[in-house]
Amino acid sequence: MASFVLSPRKKAEKNRFFFKNALNFSLLTLFLLLLSGAKGHWGFWAHKRINRLAVFRLPAEMQVFYKKYTDYLSENAVNPDKRRYAVAGEAERHFIDLDVYGDSALTVLPKYWPAAVQKFGEDSLRKHGIVPWHIQMAASQLTTAFREKNTSRILRISADLGHYIADAHVPLHTTRNYNGQLTAQEGIHGFWESRLPELFAEDYDMWLGPVVYRKDVARDIWKAIEASHAAMDSVLLFEKQLTAAFKTDKKYSFELRNNVLTRMHSREFSEKYHRMLAGQVARRMRASVQMVGDIWYTCWIDAGQPDLGQLVDSGPALSEQNAEAAERQNWLQRLLNVRPESDD
Ligand SMILES: [Zn+2]
């Protein structure tokens, strides 16, 4: 019988082996879940498009540089979302839960960060989102990067800034009910900002003319937040009304996404909802493109209009790219608790 009984040491080893595998498996599942969760926010498609379209509004002196890096700015428009679970302090840069501050949130909340910290404390502010202040900070970093003629930073901050500005234009980024989870409308976040633009944005008129200088960046950011928040009621209400008029099997359909059969809002439901919103998604997207281009331009003016022609060939420095790769690597290691080299 003894051969069927594992020695305590073997048993411990077996348990350890099992535990380790189970742990790795759950971490892997968690990792995949995080990856899929990281998709939110205007959808990757819309973010890329917003940065790309913003480039075409810039004056010739800026286009000489920005046009060469249009692909970089577009591809990296989604970096901040990819970093959301990797970098401490990143997640809160994408939203602000205005409703937490009551009906007069916009008069209660200070325009500038130091005053806001003094009034509410940094932890509390971060908990409920800091997008309007973070955009101001990123804009001032971009101005500095222009002044220093630091090509890598100009590109990196421009791409990031485009992302945060676009997020500030999404109505559901201004409420704690960001995914309809408090009103039994789960999934509305991705529906509004990913599914709708992917289906309809090709037809939007995105011709906006040249950029304009923003005298008061902070004020304009808050105005954008206000407009987003004002649009939020109809985002939720129309979805609720339309859902009540639809059978569940008509509301959703299955489509192939990356070779996986995925449940999506049906085309019919999407079309009707899009029509009820009466151009709202297009308006928010246009306003995003407008502000992204305008703020890039404003930073450049504020930096004394440096000659970007000189920087055209310098490109994003290798060190910058390596830093990003290392950052990702660290994140994976932290998440999976994997050591660089096995010491088993
Ligand atoms: Zn985002």
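# A tour around helix 15

Begin by selecting helix 2 and helix 15 together, where A46, I50, N51, L53 and A54 of helix 2 meet M285, S288, V289, V292, G293 and W296 of helix 15. Sorted by class, the residues of this contact are eight nonpolar and three polar, with no charged residues. Keep in mind throughout the tour that what is on the screen is a predicted model.

With residues 43-55 shown as helix 2, look at how the two helices pass: their axes come within 8 Å and cross at roughly 50 degrees, which means that helix 2 is oblique to helix 15. The crossing of helix 2 and helix 15 is right-handed.

Next, select helix 15 alone, which covers residues 280-302, and follow the helix from one end to the other. Helix 15 has 23 residues and spans 32 Å from its first C-alpha to its last, which is close to the 33 Å expected at 1.5 Å a residue. Just after helix 15, stop at G304, whose phi is positive, at about 90 degrees.

Keep helix 15 in view and add residues 131-147, which form helix 9 and pack against helix 15 at an angle of about 50 degrees, with the two axes 8 Å apart. Helix 9 is therefore oblique to helix 15, and helix 9 passes helix 15 in a right-handed crossing. Which residues of helix 9 and helix 15 meet here? On the side of helix 9 they are A139, L142, T143 and F146, and on the side of helix 15 they are I295, C299, W300 and D302. The residues of this contact of helix 9 with helix 15 divide into six nonpolar, one polar and one charged.

Now return to helix 2 and bring in helix 11, residues 188-200, where the axes of the two helices come within 7 Å and cross at roughly 65 degrees. Helix 2 and helix 11 are therefore roughly perpendicular to each other, and helix 2 passes helix 11 in a left-handed crossing. To see the contact itself, pick out G43, W45 and A46 of helix 2 together with E193, S194, P197 and E198 of helix 11; by class, this contact of helix 2 with helix 11 has three nonpolar, two polar and two charged residues. A46, selected here for its part in the contact with helix 11, is also among the residues of helix 2 that meet helix 15.

For the last stop, leave the helices and select strand 1, residues 252-257, and strand 2, residues 260-265, which pair in the antiparallel sense over six bridges. Within this pairing, E255 stands opposite T262 in strand 2. The two strands form a hairpin with two residues between them, and N258, which lies in the turn, has a positive phi of about 50 degrees. While looking along the strands, it helps to know that side chains in a regular strand alternate between the two faces of the sheet.

Terms used:
Residues numbered from 1 in each chain as written. Predicted model: local features only at pLDDT ≥ 70, side-chain atom pairs only at ≥ 80, totals over all residues. Axes fitted to C-alpha atoms, helices over the stretch in contact; angles between N-to-C directions. Helix = DSSP H or I, 4+ residues; strand = E, 2+ residues; numbered from the N terminus. Parallel < 35°, antiparallel > 145°, perpendicular 65-115°, else oblique. Left-handed = near helix turned anticlockwise from the far one by under 90°. Contact = placed C-beta atoms within 7 Å. Nonpolar A, V, L, I, M, F, W, Y, C, P; charged D, E, K, R; others polar. Pairing = 2+ DSSP bridges. Expected span 1.5 Å × (residues − 1).
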